[in-house]
Amino acid sequence: MSKTAAIIGGGVIGGGWAARFLLNGWDVQVFDPDPQAERKIGEVIANARRALPGLTDVALPPEGKLSYHATIAEAVQGAQWVQESVPEQLKIKQATLADIQSACDAEAVIGSSTSGFKPSELQQGATRPEQIMVAHPFNPVYLLPLVELVAPEAAPELIDKAKAVLTSLGMYPLHLKKEIDAHVADRLLEAVWREALWLVKDGIATTEEIDDSIRYGFGIRWAQMGLFETYRVAGGEAGMKHFMAQFGPALKWPWTKLMDVPEFTDELVDLIAGQSDAQSGMHGIRDLERIRDNNLVVMMRGLKAQNWGAGALLNAQEHEMRKGTVHGALAADLPADALVETAHRTVPLDWTDYNGHMTESRYLHAFADATDRFMEIIGCNAEYISKGGSYFTAETHIRHVDEVHAGVVITIRTRVIMGEGKKMHLWHEMYDGDRLLATGEHFLLHVSLETRKPSPAAPHIEAALVRFAKGHAGLPTPEGLGRAIGAPR
Ligand SMILES: NC(=O)C1=CN([C@@H]2O[C@H](COP(=O)(O)OP(=O)(O)OC[C@H]3O[C@@H](n4cnc5c(N)ncnc54)[C@H](O)[C@@H]3O)[C@@H](O)[C@H]2O)C=CC1
Ligand SMILES: C[N+](C)(C)CC(=O)CC(=O)[O-]
């Protein structure tokens, strides 16, 4: 069944939602009265196409279909998810939700992107209040996984459905059981924002100095452990109680201005905007978005390698994406006489270099991942390795045949040239569609991780390897096999 999302309001946040759904294979139907909406959403989606597909090491499904509609009633037709992202004004939101409910499927999830309104406020006057929930995302919606889901009155099945959809989009639904103004994350952000305004107004620090105090320090820390886990570590061996004993008294000192809000005068707005222009005005907004996205991709892929926080979420998404596909299959599920597809992934943003194409070390990275996947296929998986058997690479030869850029989906197909006893000789071919990009020839030895010396592979692994070696022996010899760099002497 095709999956359809309706995006009502396609500004910064609606555009981000449109990209998140579209790039995960959903059809997206947009309504926004702004005549510039199509252009603006197109620019957000273009940014998302650069950044999102390379986050995981498995390619996303083919993009869905994007369409623009003249009315809300038309846009919500057939949608299983309707996301409202109109301006943060209660009256506009309530009127929009009423229009949505008069035309949408009664089974659809209606999510509101509201940063601050409670579901009970949004639901006032609604025909089916229990269908409306807060689904508060974070900018950029196509990269950041968090969605605060607030729906105290919704049926548990609707919540489960909403969680399942968001998870399938690679998002992290944080289900809050109680409604409160500004939910949880914006309460925290608001406290920091308020304090920062005071610091500028009082002439203590500039916008740039405040940003530096975040991005060179606790901002990096928060991205991986949050507040409480970070402070637990800061308590040292004595832990959280010691931390609280040490810093608890400071709560009573005048370290914050709490609810004391600076008056929002033109002077303050000009002061902040002027300092912000001086700090960042040399970059256009789309440039800043791309800088932000590059940094987020690199950070999230770093966390992915650690299998931690937002990175662990990417690994879980990838695991689901592999299920039931050739990328989750094992030897017995695959024909012995055909090359084995060991990778199908998008070239991530951080794999390119100053020449504007995939940098050479990433060819080895991609081939090494393909070898790992082939090892998994023949049974040399994490469990087997934890018991002390594995393969070490003894020799590698890579040929760079053609260029490839970030965002391109590459496929690697693998052939066993020789596989018997301890020896495994693999030949990888990397393609963009039919275009050969590179080949990788790798010779590996099975080893004991205890002695660090070559050792026989377990019988089931050798059998799986031999099966492919025999099946592949009948295929034509690949061009370039066994080649060395023929330097004149
Ligand atoms: N900008 C941010 O950082 C975040 C905003 N939000 C929330 O998302 C919602 C939207 O905010 P933004 O995207 O930032 O605003 P925005 O101003 O960028 O976009 C709002 C869009 O709604 C359209 N619009 C206006 N009236 C409409 C109507 N009656 N029907 C359909 N579309 C209409 C406008 O043409 C515009 O494209 C707000 O509730 C906001 O609190 C949530 C998370 C972060
Ligand atoms: C400023 N804001 C309240 C609209 C911010 C959010 O709601 C979340 C975010 O992306 O920072």
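The predicted model divides into three parts: domain 1 (4-182), domain 2 (186-282) and domain 3 (326-473). The centres of domain 1 and domain 3, taken over C-alpha atoms, are separated by 40 Å. Contact between these two domains involves eight residues of domain 1 and eleven residues of domain 3. On the domain 1 side, the touching residues comprise four nonpolar, one polar and three charged.

The protein has 489 residues, of which 31% count as buried. Its secondary structure consists of 16 helices and 13 strands. Along the principal axes, the C-alpha atoms fill a box of roughly 75 × 55 × 45 Å. Among contacts with a separation of 6 or more, 71% join residues 24 or more positions apart.

The largest nonpolar core holds 94 residues. Within this core, I8, A18, V82 and M133 touch the most other members. Domain 1 (4-182) and domain 3 (326-473) both contribute residues, so the core lies between them. The contacts of I8 can be listed in full, leaving aside neighbours within four places in sequence. They are F31, I72, A75, V82, Q83, E84, S85, V86, T96 and I100. V82 thus appears both among the contacts of I8 and among the core residues that touch the most other members.

Ligand 1 is surrounded by 24 residues. Those that come nearest are G9, G11, I13, D34 and S115. By class, the shell around ligand 1 contains ten nonpolar, eleven polar and three charged residues. Helices α1 and α4 (90-103) each supply at least two residues of this shell. The largest share, three residues, comes from α1.

The shell of ligand 1 can be set beside the annotation. An unreviewed UniProt entry lists G9, G10, G11, V12, I13 and G14 under "binding site". Of these annotated positions, G9, G11 and I13 are among the residues that come nearest to ligand 1. V12 is located in helix α1 (residues 12-23). I13 also lies in helix α1.

These two neighbours in the helix fall into separate burial classes. V12 has 16 C-beta neighbours inside 10 Å and therefore counts as partly exposed. I13 has 25 other C-beta atoms within 10 Å, so this residue is buried. The cut-off for burial is 20 or more other C-beta atoms within 10 Å. Not counting residues up to four places away in sequence, I13 touches S85, S113, P137, N139 and V141. S85 is also in contact with I8.

Ligand 2 is surrounded by S115, F138, N139, D186 and L189. Its shell divides into two nonpolar, two polar and one charged residue. S115 belongs to this shell and is also one of the residues that come nearest to ligand 1. N139, another member of the shell around ligand 2, touches I13.

A further annotation concerns residues 184-250. There, the unreviewed UniProt entry places the feature "domain: 3-hydroxyacyl-CoA dehydrogenase C-terminal". Over residues 184-250 the chain is 78% helix and 0% strand. The end C-alpha atoms of this stretch are 23 Å apart. D186 and L189, at positions inside the annotated range 184-250, both belong to the shell around ligand 2.

Technical notes:
Residues numbered from 1 in each chain as written. Chains lettered and ligands numbered in written order. Predicted model: local features only at pLDDT ≥ 70, side-chain atom pairs only at ≥ 80, totals over all residues. UniProt positions renumbered as here; feature names shortened; annotations may be inferred. Helix = DSSP H or I, 4+ residues; strand = E, 2+ residues; numbered from the N terminus. Buried ≥ 20, exposed ≤ 12 C-beta atoms within 10 Å, placed from the backbone. Contact = placed C-beta atoms within 7 Å. Near = placed C-beta within 6 Å. Nonpolar A, V, L, I, M, F, W, Y, C, P; charged D, E, K, R; others polar. Core = buried A, V, L, I, M, F, W, Y, C linked by C-beta atoms within 7 Å. Domains from an automatic or database assignment.
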